[in-house]
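Please look through the sequence and the model below before reading on. The report that follows takes up a few places in turn and explains each term where it is first used.

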Amino acid sequence: MRKRDHNVFTNAASLLICGLLAGVVVAAAAFPAVAMSGLAAKAGAETFGALPRELTVARAPQISYLLASDGKTPLATMYDENRRDVKLADISPYMQKAIIAAEDHDFYKHNGVDLNGVARAFVNNQNSGAGRQGASTLTMQYVRLAIAYSATHPADVVAATEDTSARKLREMRYALQIDKEFSKEEILERYLNIASFGNGAYGIFAASQVYFGKPPSKLKIEEAAMLAGMVKAPTTNDPTTKAGYPLALDRRNYVIQNMVDIGAITAAEGDKAKAAKLVVKDKTTPNGCVATNQKEWGFFCDYFYRWWMQQETFGSTSYDRERRLKSGGYTITTTLDVQAQTGADKAVRRNLGVDTKAARMVAAVEPGTGRVRALSVNRNFKIDDPKRPANRISSDPKKAKKGIRGNYPNTVNPLLTGGGGLTGYQAGSTFKMFTIVAALEKGIPLGYTINAPKQFKSEYIIQPGPAACRGTHFYCPTNSVESMAGVHTMWGAFGRSVNTYFVPLQQQVGAENVVKAAQKLGISFRSPEDARLAADPHQWGAFTLGVSQTTPLELANAYATLAADGKYCEPIPVQEIKDPDGKKLDIANPRCEQRISTQVARAAVDAARCPVGDRSATSRCTGATAPNVRQIVGKPVAGKSGTTDSEKTSALVAMTKQYAVAGIMADPDWPQTTQKMGHNEPKGINPPVFETLRDAMKGKPGIEFEPPNGKIINGDQRSIPNVTCKSVDEAKSRLRGAGFDPVVSDIKVASNCAPGSVAGTSPDGRTIKGGVVSIEISSGPGTAPPPGNTGTGPVPGNPPGNNGGGPGRPRG
């Protein structure tokens with residue numbers, strides 16, 4: 001705060017005279033007949049002297065700006081009052097001169113109170129035929145506004161603006177003090193930043209943008225004069241209205257003439273400015289998430305807003321937090337990646353527009369930071385007009401009967417992120433990843449084999465029904481196609497999405513541990529039923545198949561944790577937050593912690609290479625549900641697809657080291673939809689996911705996922721006993737005794753052993769302790785397999801040419 005030198009005698013005299021004049025003014029207002037009495041002057045002087053001298057000035061509300069991650073691209077603006085403080089050096093000299101010409105000719109001469117003006121006002125106001133005249137200087141006007149903005153109670157706001165003598169006295173007292181504490185330039189800057197210019201424009205920065213679409217430094221004489229002429233009556237002199245335009249023009253020319261009269265501009269400059277046509281843009285500044293820079297960005301903006309409202313840093317109540325956002329003047333660099341977001345926006349709408357009940361929802365998260373790079377859905381972020389609704393009748397038959405409208409094409413519901421009553425959608429087999437993580441954490445390696453049957457009778461108890469074995473209460477899942485049955489490793493079972501591999505694996509690991517793994521990766525259980533089951537998950541047999549609800553954002557972040565070698569980061573929509581003074585807030589920093597061991601995470605990603613048509617030096621893939629992802633993205637990828645019963649939802653996760661993209665396709669209005677949500681077809685979920693990832697990765701290097709090492713790949717290898725030509729019972733006994741899980745193949749092979757005896761095993765040699773060993777039955781004399789080899793060829797989980805390094809599969 002810079003102080004100016006003041007003459008002590010002058011200030012003392014000013015205080016005395018103001019006190020005396022104050023008494024006269026008060027008396028004139030209340031009792032004109034005694035206005036000039038000495039008693040009135042004495043009372044006014046005493047009252048004036050008793051007023052407080054210090055004015056506490058709070059910063060007026062400031063607009064907050066949201067930018068994309070590049071720190072340049074506008075995303076949205078949020079404000080209670082459209083104001084942005086600027087330095088006087090950034091305000092046109094014409095504007096500075098115009099406001100003085102309009103409001104206070106003697107601004108640079110008086111000490112905050114214009115004594116001559118007070119006297120003139122008094123004399124004028126005694127004349128009943130004359131209009132009332134004020135004596136407020138710019139400094140007094142600033143005081144009035146500052147008191148209103150610093151008020152903590154509504155009554156104080158009223159007191160600051162009511163037309164009373166008490167208010168005038170207070171303004172005079174404070175104005176003298178302000179004039180002592182601040183330079184004239186500082187007072188002028190503060191006034192121009194706090195004044196109202198109508199049409200929601202507060203302060204000169206907003207006014208120059210709203211009316212002329214330019215910064216205040218670029219204002220010309222006629223533009224500055226128009227704005228200066230508005231502060232006295234911004235509604236009356238509104239140039240954007242038919243009635244206000246001529247009044248604004250007259251007022252502009254009046255100010256221009258005043259500028260000439262006080263020598264601020266020449267007569268020639270004044271004439272030229274008066275001759276200029278008054279042209280205004282009426283460019284109202286957008287406010288909130290329904291008015292983002294790109295209309296598709298509303299869902300990201302809404303996610304940011306909901307995130308902000310949950311941060312206690314910005315206040316203890318939701319009211320306080322919203323006021324901080326809309327009045328704090330923050331510059332917020334969000335995590336929105338323009339390249340990724342644009343790719344997602346195009347992808348979700350390609351072949352499937354906004355006017356459809358099927359919602360294609362895509363979220364992209366950066367591994368290692370949790371920064372949310374894109375959120376997109378084929379919907380308009382817009383409140384449907386109840387008077388002229390565009391939304392279709394709900395697809396939910398019960399709601400449709402009542403005439404309730406659905407959420408398409410317009411909605412402001414958080415479809416991608418959950419909240420506000422939205423609990424999410426089933427993501428199907430993408431949840432098998434959590435079973436892999438739990439198994440790996442228990443020491444079960446990727447090469448672990450299970451003989452997956454066509455239907456698996458589990459130990460999970462459920463209500464009798466289609467999901468139970470006939471006549472029982474045991475959960476009995478099947479696969480999407482019968483050919484999936486057979487011996488699989490984690491690589492192969494994940495790549496082909498074998499249900500009857502993952503349910504027994506979950507049963508072995510413990511459903512509670514699989515649920516725990518999901519929670520560590522950020523999966524929450526929003527629906528009451530999911531929360532109930534998660535609290536006691538021991539009988540939640542179908543959890544591994546993705547029957548719990550989640551959101552695209554939550555799912556993307558779970559997989560991003562694995563891509564980041566097990567480092568979980570809370571999803572966050574901001575990169576940097578600066579207050580009006582340029583100070584950075586720590587709340588924008590990533591919030592991360594190691595939740596999964598590095599080797600477990602790398603092994604899980606190694607398995608996830610298989611479903612999307614990719615592989616590493618260690619992965620042993622035997623199939624893929626989305627094999628074209630690797631080719632389309634053109635970089636090392638991992639991920640998983642998922643489908644629920646009757647294809648009510650479809651999902652796909654695809655990720656690189658830089659982005660994890662998750663998509664879910666569902667009907668948000670009716671989860672039990674009869675519409676089939678597709679995968680790889682043009683209107684399915686796969687294209688928007690891999691296209692988003694492809695576009696996000698353009699111009700960025702492909703980074704290989706680090707493969708796992710050690711026993712987590714193939715586990716503890718043990719020698720398989722030679723049971724050739726033994727009876728089946730003896731072979732089973734010897735294999736169990738060696739720590740293996742024997743199964744009998746239903747296909748017989750020719751061998752030199754007696755028919756019905758054991759022809760060999762698959763694999764032979766060595767395999768994982770506890771792994772499946774298939775017993776092959778002899779059909780009698782024929783071509784015998786070479787010594788030490790059953791002739792089964794490479795087996796799942798082993799490198800080509802090595803049949804003893806892992807488990808095999810039954811013949812046929």
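## A residue in a short strand

Is N410 buried or exposed, judged by its relative accessibility? With 5% relative accessibility, N410 counts as buried, where buried means under 20% relative accessible area, exposed means over 50%, and partly exposed lies in between, for a 1.4 Å probe and with protein chains only. The model is a predicted one, in which local features need pLDDT of at least 70 and side-chain atom pairs count only at pLDDT 80 or more, while totals for chains, interfaces and linings use all residues. Residues are numbered from 1 along each chain as its sequence is written, and side-chain values use heavy atoms, with hydrogens and water left out.

N410 belongs to strand β7; helices (H or I, at least four residues) and strands (E, at least two) are DSSP runs, numbered from the N terminus. Leaving aside residues up to four places away in sequence, N410 touches N380, K382, D384, A390 and N391, a contact being heavy atoms within 4.5 Å. K382 lies 28 residues from N410 along the chain, and the C-alpha atoms of N410 and K382 are separated by 5.2 Å.

## The protein as a whole

The protein has 27 helices and 22 strands, and of its 812 residues 55% are buried. If one takes the contacts between residues at least 6 apart in sequence, 70% of them join residues at least 24 apart. The protein exposes about 34400 Å², of which carbon and sulfur atoms supply 52%; the areas come from the Shrake-Rupley method with a 1.4 Å probe, and for residues only the protein chains shown count as cover.

## Two nonpolar cores

In soluble globular proteins, nonpolar side chains tend to be buried together. A nonpolar core is here a set of buried Ala, Val, Leu, Ile, Met, Phe, Trp, Tyr and Cys residues joined through side-chain atoms within 4.5 Å. The largest such core has 101 residues, and those with the most contacts inside it are W308, Y501, L505 and I577. Helix α22 gives the largest share of this core, with 8 residues. A second, separate core has 58 residues, among them V210, L219, M259 and I265.

I577 can be followed further: not counting residues up to four places away in sequence, its contacts include W307, W308, F314, Y330 and I332.

## Two enclosed helices

Helix α23 covers residues 598-608, and 9 of its 11 residues are buried, so α23 is largely enclosed by the rest of the structure. The buried residues of α23 include V600, R602, V605 and D606. Among the elements that cover them are α17 (432-441), α18 (490-496), α22 and β15 (638-643).

Helix α7 (residues 165-181) has 17 residues and reaches 25 Å from its first C-alpha to its last, close to the 24 Å expected at 1.5 Å a residue; the expected span is 1.5 Å times one less than the number of residues. Since 14 of the 17 residues of α7 are buried, this helix too is largely enclosed by the rest of the structure.

## A sheet of three strands

Strands of a sheet pair through backbone hydrogen bonds, either parallel or antiparallel. In this model, 3 strands form an open sheet in the order β19-β22-β20, with mixed pairing, and two strands pair if DSSP finds at least two bridges between them. β19 (741-749) and β20 stand at the edges with a single partner strand each, so one side of each is left without a neighbour in the sheet. β19 and β22 (residues 772-778) run parallel and are joined by 6 bridges; P742, for instance, has V773 in β22 as its bridge partner.

## Less common backbone geometry

Most residues other than glycine have a negative phi, and most peptide bonds are trans. A cis peptide bond, with omega about 5°, joins Y408 and P409, and P409 lies in the loop between α16 (397-401) and β7 (410-411). Another cis bond runs from S762 to P763, with omega near 0°, and P763 is in the loop between β20 (758-762) and β21 (766-768).

N199, which is not a glycine, has a positive phi of about 55°; it sits in the loop between α8 (184-194) and α9 (203-212) and is partly exposed, with a relative accessible area of 31%. D565 also has a positive phi, near 60°, in the loop between α22 (552-563) and β12 (567-569), but D565 counts as buried at 18% relative accessibility.
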